Amino acid sequence: MGHDRGRLRGARFVTGFVAGTLAAAALVVCAATLSAQEPIEPAVPESLAAPELLAVPTGVQVEDTPNDRGASVNVTWELSADDESLRFEGYRVYRSAHPETGFVFAGRAGRGATTYRDSEAPNNEPVYYRVAVGDAEGGEAFSATSDAVTASPQWFNDDRVNVLIAVFIFVVAIVYFVNAARGGKELFIRRLAGLDEVDNAVGRATEMGKPILYISGLSTISDVATIAAINILGEVAKRTAEYNTRLIVPCADPIVMAVEQEVVKEAYAKVGRPDSYNEDDVFYLTRSQFAYVAGVNGIMVRQRPATILYMGMFFAESLVLAETGASVGAIQIAGTDAVTQLPFFITSCDYTLIGEELYAASAYLSREPVLLGGLKGQDTLKFIIGVLIVITVIVATLAATGAISNDFMTPLFITH
Amino acid sequence: MRRQLPLALCFIFGVFTAIQYYVPHFRVQWFQERLLQWLMTLLAFAFLLGTVSLIKVHYHKLRDRAPDRGFSLVVFAGLFTMIGLGFIHPDHHAPGSPFNQMFLNVQVPIEATMFSLLAFYVASAAFRAFRARTLEATLLLIAAAIVMLGRVPIGDLISPKIPEATRWILEVPNLTAKRGVMIGVGLGMMATALKIMLGIERAWMGGSD
């Protein structure tokens, strides 16, 4: 019995040993199997996965900006395939002195852009460019590096050769006619009714004992129309000084006022009436457009001038001024190169100098041969332009009908 | 010397300005930019001249008891009130500052009122222009009627030809005339500038003597 118990205890021991060994072996095998497998991650929806980078632009080209002051490079590229993607945030242009490294941000361009002008490139040093596309997540993908380009300033703008040729012809024509006039040649100038009427208008004001109002526009002294108006003012002032008629000149620009005071003063001195000049009659009103209109209209209504002259550059105030002048019964003569204001002056004024007639007025009124020579020079260039227009119309018509090649047209038109 | 110096300065700076149009190099453009800055500085001083002129003219009117001197009082009241309000607030452009309030609530509406008068003046000028007394005025009247009709839906309702005629009037005869005027203006400006630079035209400095 005791022997049986011993055998049973031994069998249990062996069984326990074998079972423990098998369990341990199973545990080791299981652990080894687990360690050999990929780590298991939780499933992630496709929409939250890391985004792919956008397609980079291709064909990056660079050139030194032509006819510029320097430090400028034009960068062009072909649109990224993802240009219209919602994630697309724009193009970023990078510059470096080395083709591989050191690229710094130069500027950005929006969706659909294929050009960028870098205005901070170093002069006379080769640089390289890359164009990157950026996405909403902050990702950035770079294009291939461009060829080297060197920004440089130019000493002559060859886009303006045509203007230079025209100016040269113009200068030659003016100098020729001025010299001809100095030599005593008679120059025919067509009648300008508005300017012929200036003498009558001054005479009328004198007879009525009323002042003349001279308005030289709202522009500054840097506007050629204002200078033309000042030139006319000098001639008008001589006449008012001769007739001893009051001349009122409200100014919208302080520099114009200073010049006009000097011009009127000189005109009065020239005709021997310096004592008739009243500095308070050439005065500053305001720079503000409609405050100026209110001031001038007030003068018109209170002073009732017999004659009002509008010469120079005018804007939206032209009709308000001219209609008020018409309402007080003044003779009105206008002259402006503002094409949009011409219809208003033509409607409301008795005489209107259209465009270039404003610039001819000083020469016309003074009848100085040298100034008239300048007018003939203008006419010469106008004739040349007229001939060129006719020739180009004929050539364009022939090209359109296929009678001549379109290539023939190319050198005729420089469109810069 | 009183005349030679301005003429010489005019020639030098005139020729330089003409040359810089053809020379884009930064060394030349740098100088051109300095010139423009000088011009701005001059302008700032010129406003002082203008203010002095304004005060002087209106002071003389008050002193001489001119019939319309009441307006001079208004000018002084406006001028000194705005100067005073400008000093009260450290940043007179700031929203809510007394200066800005006066500008926005007094000057701007008054100017807008003046501008709005244009509508009435357009009507009175149109009435005068469209009286068909001459051939030109009749043509103007017909063209204006077509253009106005062509710009509103009723023109198209009457006939689709009306908007087409409007476009033709604006793009062919109207544009042709405009371009003709503009070519003349361009040449006139060039000739005037050239005559001033060369000292041929001297009316701007008081005459030719």
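What follows is a walk through a two-chain model, from each chain to the contact they share. The model is predicted.

Start with chain A. Its secondary structure comes to 10 helices and 14 strands. Of its 416 residues, 47% are buried. Among contacts in chain A with a separation of 6 or more, 67% join residues 24 or more positions apart. The accessible surface of chain A is about 20900 Å². Carbon and sulfur atoms hold 59% of that surface.

Chain B is built from other elements. It has 7 helices and 0 strands. Along the sequence the pattern reads α-α-α-α-α-α-α. Buried residues account for 30% of the 209 residues in chain B. Residues 24 or more positions apart supply 21% of its contacts with a separation of 6 or more. The accessible surface of chain B is about 13600 Å², and 74% of it belongs to carbon and sulfur atoms.

Now bring the chains together. The size of an interface is often given as the accessible area lost when the parts come together. Here, chain A and chain B bury about 5800 Å² between them. Carbon and sulfur atoms give 68% of that area. Within chain A, the residues that lose the most area to chain B are A:Arg69, A:Trp155 and A:Phe290, together 11% of what that side buries. The contact takes in 70 residues from chain A and 61 residues from chain B.

The interface has polar links too. There are 15 residue pairs in polar contact across it, both partners at pLDDT 80 or more. Helix α5 (residues 254-270) of chain A gives the most to the side that touches chain B, with 9 residues. The interface also holds 4 salt bridges. In a salt bridge between the chains, B:Lys56 meets A:Glu279 at 2.3 Å, N to O.

Just ahead of α5 sits A:Asp253, in the loop between β10 (247-251) and α5 of chain A. Is A:Asp253 buried or exposed? Its relative accessibility is 3%, under the 20% cut-off, so A:Asp253 counts as buried. Its side chain reaches the backbone nitrogen of A:Ile255 at 3.0 Å. Beyond its neighbours within four places in sequence, A:Asp253 contacts A:Ser219, A:Thr220, A:Tyr284 and A:Arg287, and also B:Leu43 in chain B.

A nonpolar surface patch also draws on both chains. The patch covers about 880 Å². Chain A contributes A:Val175. Chain B contributes B:Met1, B:Leu5, B:Leu9, B:Phe11, B:Ile12, B:Phe13, B:Trp38 and B:Leu198. Helix α1 (residues 4-20) of chain B supplies the largest share, 5 residues. A:Val175 sits in helix α2 (residues 161-182) of chain A. With 35% relative accessibility, A:Val175 is partly exposed.

Back inside chain A, look at helix α9 (residues 356-366). Of its 11 residues, 11 are buried, so the helix is largely enclosed by the rest of the structure. The buried residues include A:Glu356, A:Glu357, A:Tyr359 and A:Tyr364. Just after α9, A:Arg367 takes a positive phi of about 60°.

What does A:Glu357 pair with? Its side chain forms a salt bridge with A:Arg190 at 3.2 Å, N to O. The pair links distant parts of the chain, 167 residues apart. A:Glu357 lies in α9, whereas A:Arg190 lies in the loop between α2 and α3 (193-208). The two ends also sit in unlike surroundings: A:Glu357 is buried at 14%, while A:Arg190 is partly exposed at 46%.

Other salt bridges add to the picture, and the count over all chains comes to 21. A:Arg191 joins A:Asp196, with the closest N and O atoms 2.7 Å apart. A:Arg191 is exposed at 60%, and A:Asp196 is partly exposed at 27%. A:Glu89 meets A:Arg92 at 3.9 Å, N to O. There, A:Glu89 is exposed at 51%, but A:Arg92 is buried at 15%. A:Asp199, A:Glu235, A:Lys238 and A:Arg239 are linked in a network of salt bridges.

One last stop is A:Ala148, in the loop between β7 (140-142) and β8 (149-150) of chain A. At 44% relative accessibility, A:Ala148 is partly exposed. Leaving out residues up to four places away in sequence, it touches A:Pro126, A:Val127 and A:Tyr128. A:Gln61 is 87 residues away along the chain, with its C-alpha atom 9.6 Å from that of A:Ala148.

Definitions and conventions: Residues numbered from 1 in each chain as written. Chains lettered and ligands numbered in written order. Heavy atoms only, no water. Patch = residues over 30% accessible without salt bridge, like charges linked within 9 Å, V, L, I, M, F, W, Y side chains within 5 Å. Areas by Shrake-Rupley, 256 points an atom, 1.4 Å probe, with all protein chains shown as cover. Helix = DSSP H or I, 4+ residues; strand = E, 2+ residues; numbered from the N terminus. Buried < 20%, exposed > 50% of the residue type's maximum accessible area, 1.4 Å probe, protein only. Contact = heavy atoms within 4.5 Å. Buried area = accessible area lost by both parts, 1.4 Å probe. Polar contact = N/O pair within 3.5 Å; in protein donor to acceptor, adjacent residues only side chain to side chain.
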